[in-house]
Amino acid sequence: MNSRDGTRRGPGWRAGLVLGLLVLTAFLVYLYRAELFILLVLGRSDMDWVQQVERENSTGHESAEGVVATADGFCVFGHTNSRRPGVDQAWVLRFGMAPPPRWERTYGAGERVTGTLSRAMASLPGGGFIVVGEQESVGRLFLGWLLALSPEGEVLWERTLGLAEGSALQAVAVLEDGSIVAGGSQSREGWVVRVDSRGEVLWDVQLPQLERVTALVALPAQRVAVLGTAETSSVALGVSRLFLLESDGRVTAEKRFPEGVQGELVSMALLPEGGLIATGRQRQSAPDDDRLWVVRMDPRGELLWEYLPEGTSDEAGLAITALPDGGAVVLGYNWKEMLVDREAKVWRFSADGRLVWQQSYGGAKEDLGTGIARLADESLVVVGMTTSQGAGKTDLWTFGLSPEGQLLWEETFGAK
């Protein structure tokens, strides 16, 4: 049968037309960016709506990365993009033993700075703090970022370090002599740098066996225990490696965890007797069978015991704090029904690895705990982010617990 224009159309002409339209769509997205394609398809008024949604979602988000105990309270560090709408800034809040904060400040602003994230904090001699993270500047240049603060939050000094093609700091510890050691990644390799109390570089080393450093612990005689991950991917867990570094940055020991399966350790603490304890998650078989993983090591990094819950689960440890009796408290998450949202979860362990108690916290939506510390009065403080409550889209979330896990107080901080 001939068509009206006299050409012959076979049965696959419609499929060819659809394929051609798909190719044209891909070309438009590639050449003119996604927003132009949306404009062509939706029209100007709908494009304005899309841009408005993007603007609204670029601000109103606050979260905590971690917490440090002090002699008379605690200090929380995290991020906010509400003070300069759409621009991430480091955010530090100093508390007594409970809210409200004594002071709170934002850091990392600058004419050419397009974003600053705080990733770790440690106490300095004299009551101040050192904060490390990453800073992005115009041209998508990423550098490791260090900030020294007085006890009142005043800036003592600020530094950026590393190679601009991709550097970030993820962990920090203060050594006995007051110098600072920080770790993260540089050019997709593990990176450790030591600076003096004024921020001047003493040495830095690359650890090509790692993709990034996840935790640092200061050891006697200016030595450092370094924990990091390697062999990671978007679909699988990798492995973790522990390095012991001398005061000059030389590696004297290396351990690999785990053996034969996938697992990543992301937080580590020093125990009273000099040993180490770390937490993360280990994958047994299927992607939905990640389990809390706790590892205790002696001062040389030799494994003493490890904890993995029985049965299938989907949970992980994100932070850990050591207790005076040799035990530890782990903070992490547990997926709720249908794996839609997470809730904060805390586990307490005895010195020999026995689970003492476990408890979940949060509301109906996403509630993630990211940092935990033991305070001077033996209570615990947890920090993170919540979408179940608060004034904003995501709010900084903090709550206090008794040594037995009972909720003592709870507060959120954010912007509408």
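Which residues line the second largest pocket? In this predicted model, the answer begins with the chain as a whole and then works inward.

The chain has 416 residues, and 50% of them count as buried. Its secondary structure comes to two helices and 28 strands. Among contacts with a separation of 6 or more, 41% join residues that lie 24 or more positions apart in the chain. On the outside, the chain exposes about 19600 Å², and carbon and sulfur atoms supply 52% of this area.

One part of the fold is easy to trace by eye. Four strands form an open sheet, arranged in the order β25-β26-β27-β28 with antiparallel pairing. The edges belong to β25 (367-374) and β28 (407-413); each has a single partner strand, so one side of each is left without a neighbour in the sheet. From one strand to the next, the twist averages 20°. Within this sheet, β26 (residues 380-386) pairs with β27 (residues 395-401) in the antiparallel sense, over seven bridges. A helpful place to look is T386, whose bridge partner in β27 is D395.

Now back to the pocket. Rolling a probe the size of a water molecule over the atoms shows where empty space is left. The second largest pocket holds about 200 Å³ of space. Its lining is made up of E134, E165, G166, A168, Q170, G184, S185, S187, R188, E211, R212 and V213. Three strands, β9 (167-174), β10 (180-186) and β13 (212-219), each supply at least two residues of that lining.

Key:
Residues numbered from 1 in each chain as written. Predicted model: local features only at pLDDT ≥ 70, side-chain atom pairs only at ≥ 80, totals over all residues. Heavy atoms only, no water. Buried < 20%, exposed > 50% of the residue type's maximum accessible area, 1.4 Å probe, protein only. Contact = heavy atoms within 4.5 Å. Areas by Shrake-Rupley, 256 points an atom, 1.4 Å probe, with all protein chains shown as cover. Pairing = 2+ DSSP bridges. Axes fitted to C-alpha atoms, helices over the stretch in contact; angles between N-to-C directions. 1 Å grid on protein atoms, 1.4 Å probe; cavity = no way out; pocket = protein on both sides within 12 Å on 5 of 7 lines; lining within 4 Å. Points joined across faces, edges and corners; volume = space filled by probe spheres on them.
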